[in-house]
Amino acid sequence: GALVGLLVACVNFKSSNEFNGRYSSSGDVVLRDGSNIEVSHTLLIKDGRFYAMTRQGHSIMETSGIVESGFLNRMRLRVEKGKATDLDASANIDNDLLFNLMYGGEVDSVINLRPIGKCYFAVETRQLYCAD
């Protein structure tokens with residue numbers, strides 16, 4: 001039984017390098033007050049590291065860190081650096097969107113990416129990344 005379990009784990013395990021590539025998504029989000037805001041996400045994964053940028057209206061969050069290996073085509077991003085730009089302009093952003101933006105930039109925060117078709121959904125920040 002243990003041997004079968006180990007074999008299943010090995011077959012379904014991917015190293016971080018197998019996720020190398022560019023991922024992105026963009027669109028409009030409808031805020032609670034009914035207004036729209038343009039949102040775009042860009043993610044580059046290379047050699048076990050990630051570099052990401054999220055733009056929500058005039059606010060930009062840049063993050064980078066480590067890609068942790070995946071099981072069942074999942075991966076985890078561990079943030080090492082995050083930098084927010086022009087958050088003062090985001091006064092009209094929904095609090096949920098602002099929270100997701102700030103969480104994604106906190107050092108040592110972990111973002112779990114789950115596969116949805118050919119895309120990945122970031123559970124904690126509610127972002128979608130699709131292969132370019």
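Which residue takes a positive phi in the hairpin of β8 and β9? In this model, which is predicted, that residue is Gly-117, whose phi is near 65° in a hairpin that has two residues between its strands. The two strands on either side of this turn, β8 and β9, pair in the antiparallel sense over four bridges, and within that pairing Pro-115 has Tyr-120 of β9 as its bridge partner.

From here the chain can be followed into the next turn. Strand β9 pairs with β10 as well, again in the antiparallel sense and over four bridges, and in this pairing Phe-121 stands opposite Leu-128 of β10. The hairpin that β9 and β10 form has four residues between the strands, and Arg-126 in its turn has a positive phi of about 55°. Arg-126 is not a glycine, and it lies in the loop between β9 and β10, where it is exposed, with a relative accessible area of 57%. Most residues other than glycine have a negative phi. Another residue with a positive phi that is not a glycine is Asp-108, for which the value is near 70°. Asp-108 sits in the loop between α2, which covers 95-103, and β8, and its relative accessible area of 54% makes this residue exposed, because the cut-off for that word is over 50%.

Strands β9 and β10 are also connected by a covalent link. The model contains one disulfide, which joins Cys-119 to Cys-130 with an S to S distance of 1.9 Å. Cys-119 belongs to strand β9 and Cys-130 to strand β10, residues 127-131, and the two cysteines are eleven residues apart. The angle about the S-S bond is 100°, and the link is right-handed. As for accessibility, Cys-119 has a relative value of 16% and counts as buried, and Cys-130 counts as buried too, at 19%; both labels follow because buried means under 20% relative accessible area.

Strand β9 returns when the aromatic rings are considered, since Tyr-120 lies in that strand. The structure holds two aromatic pairs. In one of them Phe-19 and Tyr-120 meet edge-to-face, at 6.0 Å centre to centre and with 80° between the planes. Phe-19 is in the loop between β1 (13-14) and β2 (21-30), whereas Tyr-120 is in β9, so this pair ties together parts of the chain that are 101 residues apart in sequence. Phe-19 is buried, with a relative accessible area of 1%, and Tyr-120 is buried with 7%. The other pair is made by Tyr-23 and Tyr-120, which are likewise edge-to-face, with 5.9 Å from centre to centre and 80° between the planes. Because Tyr-23 lies in strand β2 and Tyr-120 in strand β9, this pair ties together parts that are 97 residues apart in sequence. Tyr-23 is itself buried, with a relative accessible area of 8%, and the ring pairs link Phe-19, Tyr-23 and Tyr-120 into a cluster.

Tyr-23 leads on to the nonpolar core. In soluble globular proteins, nonpolar side chains tend to be buried together. The largest nonpolar core in this model has 15 residues, and those that touch the most other members are Tyr-23, Leu-43, Ile-45, Phe-50, Met-75, Leu-77 and Leu-113. Several strands contribute to this core, with at least two residues each from β3 (36-46), β4 (49-56), β7 (75-85), β8 (110-116) and β9 (119-122). Strand β7 gives the most, namely three residues. A closer look at Leu-77 shows how such a member is surrounded: leaving aside residues up to four places away in sequence, Leu-77 touches Leu-43, Phe-50, Ile-66, Val-67, Ser-109, Val-110, Ile-111 and Leu-113.

A last stop is Ser-40, which is found in strand β3. Ser-40 is buried, with a relative accessible area of 18%. Apart from residues up to four places away in sequence, the contacts of Ser-40 are with Ser-25, Ser-26, Met-53, Thr-54 and Arg-55.

Conventions
Residues are numbered from 1 along each chain as its sequence is written. Side-chain values use heavy atoms; hydrogens and water are left out. A nonpolar core is a set of buried Ala, Val, Leu, Ile, Met, Phe, Trp, Tyr and Cys residues joined through side-chain atoms within 4.5 Å. Buried means under 20% relative accessible area, exposed over 50%, partly exposed in between (1.4 Å probe, protein chains only). Contact means heavy atoms within 4.5 Å. Rings of Phe, Tyr and Trp (its six-membered ring) pair if their centres lie within 6.5 Å; planes under 30 degrees apart count as stacked, over 60 as edge-to-face and the rest as tilted. A disulfide is a pair of cysteine sulfur atoms within 2.5 Å. Two strands pair if DSSP finds at least two bridges between them.
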